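Hello,

Here is the structure for your files, with the sequence. My notes follow below it.

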Amino acid sequence: RLFASFRSVTNFEANFQEEKKLTLLVRPLRSEGTLYFDREHGLVRQTTTPASREQKLRLTEASLTLWNGTVTEEVKLEQSKDLSALALSFPRILRGDHVGLGKTFSIKMQGSDASWWALTLGPKDDSLKRMLSHITVIGQGALVHSVGVYEANGDRTSTTFTDVRKNTTKTAAETEALFRLP
């Protein structure tokens with residue numbers, strides 16, 4: 001039922017705060033920005049803080065494109081099965097694509113889809129297991145509140161969403177502007 005409730009989400013937008021804890025660094029890296037998901041166009045994530053690391057990432061079913069403030073780089077997801085699985089995991093949750101997600105991850109759910117719930121995604125493929133321990137997604141109803149990515153080497157990234165909105169009205173021009181890279 002949880003994945004069925006996500007199938008009714010046409011778009012999702014939120015502010016995010018992210019903390020990356022890397023084994024090689026004493027202090028975690030922190031960033032903030034906005035995230036926008038549109039069922040037809042994909043996902044856009046714009047990092048605004050710190051200003052020195054301003055970037056915009058656009059993810060579609062076919063590619064991941066990153067603008068780092070000066071240069072734009074695109075990676076076709078067909079080039080890496082592991083990158084594709086990792087990059088598309090969150091959009092697949094937001095689309096309610098249990099089948100697509102289940103091809104790459106074992107899925108465990110705790111809680112109730114009507115109340116608070118937690119999904120734990122464990123990689124099935126050995127090559128992905130060498131990179132990734134698991135992903136944890138926590139939410140309530142058809143809203144995601146946090147995502148944790150736990151890498152095989154001990155690094156972890158925790159992303160918390162605030163001011164979460166779903167199924168907002170956007171014109172075609174507004175949506176196009178969101179997905180346009182500088």
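Thr157 counts as buried, because its relative accessibility is 10% (buried means under 20% relative accessible area, with a 1.4 Å probe and protein chains only). This is a predicted model, in which local features need pLDDT of at least 70, side-chain atom pairs count only at pLDDT 80 or more, and totals for chains, interfaces and linings use all residues. Residues are numbered from 1 along each chain as its sequence is written, and side-chain values use heavy atoms, with hydrogens and water left out.

Thr157 sits in strand E11 (residues 156-166); strands are DSSP runs of E, at least two residues, and helices are runs of H or I, at least four, both numbered from the N terminus. Neighbours within four places in sequence aside, Thr157 has contacts (heavy atoms within 4.5 Å) with Glu18, Glu19, Lys20, Val147, Gly148 and Val149.

The largest nonpolar core (buried Ala, Val, Leu, Ile, Met, Phe, Trp, Tyr and Cys residues joined through side-chain atoms within 4.5 Å) has 34 residues. Phe6, Phe12, Phe90, Val144 and Phe161 have the most contacts inside this core. Its largest share, 6 residues, comes from H2. Outside its neighbours within four places in sequence, Phe6 touches residues including Arg39, Ile93, Trp117 and Val144.

Regards

Conventions: Buried < 20%, exposed > 50% of the residue type's maximum accessible area, 1.4 Å probe, protein only.
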